[in-house]
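Trainee: Hey, got a minute? I've just opened a new structure and could use a hand finding my way around.
Mentor: Sure, put it up and we'll go through it together.

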Amino acid sequence: MDYQSGQHGGAVEPADTAAPPQRLSRSPEEAALAAQRRFRQALIEAGLLIPTGVDGLYGRSADFEAIADGLNAAIGALGADQQAEVMRFPPAMARQDFEASEYLKSFPQLAGTVHSFCGSDRDHHRLLARLDAGEEWADQQRPTRVVLTPAACYPIYPVMAARGPLPPQGRVVDVLSYCFRHEPSVDPARMQLFRMREYVRLGTAEQVAAFRAQWIERGSALAQQLALPWQLDLANDPFFGRGGKIVADGQREQKLKFELLIPIHDDAPPTACMSFNYHKDHFAEVWPLRTADGARAHTGCVGFGIDRLILALLRHHGFALARWPSPVRELLGLRHV
Ligand code: 5GP
Ligand code: ZN
């Protein structure tokens, strides 16, 4: 695989990039970590990702963003018949809605909350003194009414519920947002802030089932058109703790989540680049989301991991966009890049 390293791009702190000492036999985990580090370093050296010194937090280059724009346009074209309502939110949501969503019950380890300084002059002096002394200062801040968005579809459910019952045909919403998940990793495909494009279906159980089946087809067709190797698999979300294992098993048994996986690293399992989710009526338990005849609405969503799809494309087609297969360049509008 020619990663084609470039001139620009800074270095990640040495502790982060130091490869484990070479031994004759490496565990699969060590091999995966080494592959992830290698790919990240190549992306940084090529200037595609810009390191910040924090695992999972990167700037993106013009080429990287051109691919993101192309993917978003291609996904928009795939969904052109959905009569989707486009909604764009900043990468944050109301803390009150976040609390109601029960996200903290399932994924407390991933949540990111926004805190700010809300004190007096005296408190400010104390804050600065702590900073000067190199002491802990974050406890001088207070939680705001804002939390970071964990999945692009989260902000829409309370908005849709506030509108009253759904029309008989239900609704489809098109969302795109940077999402935050606190899972620092050397794997460039596991970011703390990444973009998720989603179509979200709200309606009856049957409407949501038909939507999900249709999007599994469409997502697979997109991977094919992008000339990427892929496989579909049953999946579960990373529910926290001992109780979480039972919830995750239940999610699998009921086939609530499928993922489209693409190999990104040589020595690691393939990476989930799209997900196809059925939430049953979970969000209607939290908010008064109702169908036209007053029943609890069901919801589902298809999520496209924009940054992961970009990494998969770079992995399989190389770092020189001009040398990508013409149909892929054509599809992504990269003819002139
Ligand atoms: P899910 O809600 O199913 O966990 O995530 C939806 C999609 O977002 C995933 O299929 C994946 O493509 C993308 N995604 C999830 N976690 C990460 C991550 O840590 N980094 C990046 N770049 N994408 C992610
Ligand atoms: Zn979603």
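Here is our chat about the sheet, the ligand and the core.

Trainee: Before anything else, what kind of model is this?
Mentor: It's a predicted model.

Trainee: Okay. In what order do the strands of the open sheet run?
Mentor: There are 7 strands in the open sheet, and the order is β3-β7-β8-β12-β11-β10-β9. The pairing is mixed.

Trainee: Which strands stand at the edges?
Mentor: Those are β3 (85–87) and β9 (231–234). Each has a single partner strand, so one side of each has no neighbour in the sheet.

Trainee: And by how much are neighbouring strands turned against each other?
Mentor: On average by 20°, ignoring direction.

Trainee: Let's stay with β9. How does it pair with β10?
Mentor: In the antiparallel sense, over 4 bridges, with β10 covering residues 257–262. If you want a spot to click on, L234 has F258 in β10 as its bridge partner.

Trainee: What holds strands together like that, in general?
Mentor: Strands of a sheet pair through backbone hydrogen bonds, and they can be parallel or antiparallel.

Trainee: Now β6. Which strands pair with it?
Mentor: One of them is β4 (residues 92–94), which pairs with β6 (residues 141–148) in the antiparallel sense over 3 bridges. There, A94 stands opposite V146. Another is β5 (residues 113–117), which runs antiparallel to β6 and is joined to it by 4 bridges. On that side, look for H115, whose bridge partner in β6 is P143.

Trainee: New topic: how many residues surround ligand 1?
Mentor: 16 residues, and the closest are F194, S275, G303, G305 and D307.

Trainee: Which elements supply at least two residues of that shell?
Mentor: β8 (193–203), β11 (271–280), β12 (298–305) and α11 (306–317) each do. The largest share is from β11, with 4 residues.

Trainee: What's the mix by class?
Mentor: The shell around ligand 1 has 8 nonpolar, 5 charged and 3 polar residues.

Trainee: Last thing, the largest nonpolar core. Which residues touch the most other members?
Mentor: C153, V200, L309, I310, A312 and L313, out of 70 residues in that core. As for elements, α11 gives the most to this core, with 7 residues.

Trainee: Zoom in on L309 for me. What does it touch?
Mentor: Leaving aside residues up to four places away in sequence, L309 touches L71, C273 and F304.

Trainee: So α11 turned up twice?
Mentor: Right: α11 supplies at least two residues of the ligand 1 shell, and it gives the most to the largest nonpolar core.

Terms used: Residues are numbered from 1 along each chain as its sequence is written. Chains are lettered from A and ligands numbered from 1 in the order in which they are written. This is a predicted model: local features need pLDDT of at least 70, side-chain atom pairs count only at pLDDT 80 or more; totals for chains, interfaces and linings use all residues. Two strands pair if DSSP finds at least two bridges between them. Axes are lines fitted to C-alpha atoms, for helices over the stretch in contact, and angles run from 0 to 180 degrees between N-to-C directions. A residue is near a molecule or strand if its C-beta atom, placed from the backbone, lies within 6 Å of it. Ala, Val, Leu, Ile, Met, Phe, Trp, Tyr, Cys and Pro count as nonpolar, Asp, Glu, Lys and Arg as charged, and the others, Gly among them, as polar. A nonpolar core is a set of buried Ala, Val, Leu, Ile, Met, Phe, Trp, Tyr and Cys residues joined through C-beta atoms within 7 Å. A residue is buried if 20 or more other C-beta atoms lie within 10 Å of its own, exposed if 12 or fewer, and partly exposed in between; C-beta atoms are placed from the backbone. Two residues are in contact if their C-beta atoms, placed from the backbone, lie within 7 Å.
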